[in-house]
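Work through the exercises below with the model open in a viewer. Try each task before reading its solution.

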Amino acid sequence: MASHILSAKEKIGYGLGDAASHIVFDNVMLYLMFFYTDIFGIPAGFAGTMFLVARALDAISDPLMGLVADRTRTRWGKFRPYVLFGAIPFGIICVVTYSTPDLGLTGKMIYASVTYTLLTLMYTVVNIPYCALGGVITSDPTQRISLQSYRFVLATAGGMLSTVLMMPLVKLVGGTNQANGFQGGIAILSVVAIVMLATCFATTKERITGEGAPQGTMREDLRDIWHNDQWRIVGILTILNILAVSVRGGAMMYYVTYILGNPLVFAFFLGTYSVGNLIGSALAKPLTDRRCKVQIFWWTNAALALLSFAMFFVPMRADIGMFAFIFVIGVLHQLVTPIQWVMMSDTVDYGEWNSGKRLTGISFAGTLFVLKLGLALGGAAIGWTLAYAGYQAGAATQNPTTLASVIALFTLAPGICYLLSAIVAQRFYTLRTPLMNHILSELANGKRHAAPSQPITGE
């Protein structure tokens, strides 16, 4: 396929789609556990288990959504219609999830389970086609990394809009009634998300169509995607990186409240991290123009591991030191995120090169499934750890075991995930720049099942 230079308008429009998703995704990661335990009154252990059990449904819904999207044919394309028509139901279920009906404990647990499951289903309907859309807008490697850089700058902005403004909105809308505040705050943010998704639909175009389209059964597609060894590696990297950020993000409110000792600085703490995210997203394109993206990916993960371990030794209530750490980690984490999504697009090209079938939707469905699985595992880890450590919701102080657990969740747990990610990327991911250039050249010339005469490696 000939190179196509994407306009800034299309890159921004595409990025707004992920900004909308992150309004919900980041809010769930940072606030939903706290909302369930301290506002709605659900036990932490139950909430953690609920997050994990809900993923059993995703094991069916995510691949199914990807398979359906791959076979969708409309005048708007395969993936864009889902972004548009799923927007309003997605916004509505966000508000319902953050509602607090007057129920007994059992009723609350059932309500939370049903609404959270519906939220994840609507996220699947919108976000799997959205993610797959990035793989069919262009096949040019330079344009792909540029598109993903725009995406994650705007996704970070959407996450900041949601997470930094959430507590001020809670206070503005609800005053002293935090339950009404959370519901009203997410309602405002959901309207913004709906507008962003509609803009994404209106400004993007699917250009890679027809080539290698699925011709077999859904079962064959699942078999073929599983046989893509590099897709499996990116799945492992995805779950490790989302585990790192979800555990740290979910523990952040508890860390600021009980370790730094001042819940009022939470918005500034989160804002510092988010500003780092913005800078990291913007750095991805210029850095990958100069070095192999895979090399940048694993070195950055190694640096994140070292910084996370170092945070463990920062004294309690050391506000300035922890602000500095969280800023740098914000930069580095979001630097690797656009690269990771380009790596997923590369595995789709690699799969088409090997099998002759372009399985964009199911590939990204699998990635989103492990991403949500990582989010659920992160939530479960926090809930179970806090329950085991004797966390008391709303208490002015916590016992020493709980404090030690919060510190470990915020520092050591993410560090382990980043270290494993660096090792896996360095040892097992092979789609580096020279090989990808070869694969794209072969695909452009209609060649399949080919391998270079000599191994293509390099940086």
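The exercises that follow concern a predicted model.

**Exercise 1. Helix H13**

Task: Compare the end-to-end reach of H13 with its expected span, then decide how enclosed the helix is.

Solution:
- Step 1. H13 covers residues 360-389, which is 30 residues.
- Step 2. The expected span takes 1.5 Å times one less than the number of residues. For H13 that gives 44 Å.
- Step 3. From first C-alpha to last, H13 reaches 43 Å, close to the expected value.
- Step 4. Now count burial, with under 20% relative accessible area as the cut-off. In H13, 23 of the 30 residues are buried, so the rest of the structure largely encloses this helix.
- Step 5. Look just past the end of H13. Gly-390 has a positive phi there, about 85°.

**Exercise 2. H2 against H13**

Task: Classify the packing of H2 on H13 from the angle between their axes.

Solution:
- Step 1. H2 spans residues 44-70, and its axis comes within 8 Å of the H13 axis.
- Step 2. The two axes cross at roughly 180°.
- Step 3. Angles over 145 degrees count as roughly antiparallel. H2 is therefore roughly antiparallel to H13.
- Step 4. Sort the contact of H2 with H13 by class: 16 nonpolar, eight polar and five charged residues.

**Exercise 3. The largest pocket**

Task: Describe the largest pocket by volume, lining and contributing helices.

Solution:
- Step 1. The volume of the largest pocket is about 440 Å³.
- Step 2. Its lining has 19 residues, and those closest to the centre are Met-167, Gln-178, Met-253, Pro-263 and Leu-264.
- Step 3. Four helices give two or more residues each to this lining: H1 (8-40), H6 (141-174), H9 (229-258) and H10 (266-290).
- Step 4. By class, the lining of the largest pocket holds 13 nonpolar, four polar and two charged residues.

**Exercise 4. The cavities**

Task: How many cavities of 30 Å³ or more does the structure hold? Characterise the largest and the second largest.

Solution:
- Step 1. There are four such cavities.
- Step 2. The largest cavity has a volume of about 470 Å³. Its lining has 32 residues; His-22, Phe-25, Val-245, His-333 and Gln-334 lie nearest the centre.
- Step 3. H1, H5 (105-133), H6, H9, H10 and H12 (319-355) each supply at least two residues of that lining.
- Step 4. The lining of the largest cavity splits into 14 nonpolar, 14 polar and four charged residues.
- Step 5. The second largest cavity has a volume of about 110 Å³. Among its lining residues are Phe-25, Arg-55, Tyr-116 and Lys-372.
- Step 6. H1, H5 and H13 each give two or more residues to the lining of the second largest cavity. H5 has the largest share, four residues.
- Step 7. The classes in the lining of the second largest cavity are seven nonpolar, one polar and two charged.

**Exercise 5. Two residues**

Task: Are Tyr-273 and Pro-43 buried, partly exposed or exposed? Relate each to a residue distant in sequence.

Solution:
- Step 1. Tyr-273 lies in H10. Its relative accessible area is 9%, so Tyr-273 is buried.
- Step 2. Tyr-273 and Met-160 are 113 residues apart in sequence, with their C-alpha atoms 9.3 Å apart in space.
- Step 3. Pro-43 sits in the loop between H1 and H2. At 36% relative accessibility, Pro-43 is partly exposed.
- Step 4. Pro-43 and Met-109 are 66 residues apart in sequence, and 8.9 Å apart in space from C-alpha to C-alpha.

Notes:
Residues numbered from 1 in each chain as written. Predicted model: local features only at pLDDT ≥ 70, side-chain atom pairs only at ≥ 80, totals over all residues. Heavy atoms only, no water. Buried < 20%, exposed > 50% of the residue type's maximum accessible area, 1.4 Å probe, protein only. Axes fitted to C-alpha atoms, helices over the stretch in contact; angles between N-to-C directions. Parallel < 35°, antiparallel > 145°, perpendicular 65-115°, else oblique. Nonpolar A, V, L, I, M, F, W, Y, C, P; charged D, E, K, R; others polar. 1 Å grid on protein atoms, 1.4 Å probe; cavity = no way out; pocket = protein on both sides within 12 Å on 5 of 7 lines; lining within 4 Å. Points joined across faces, edges and corners; volume = space filled by probe spheres on them.
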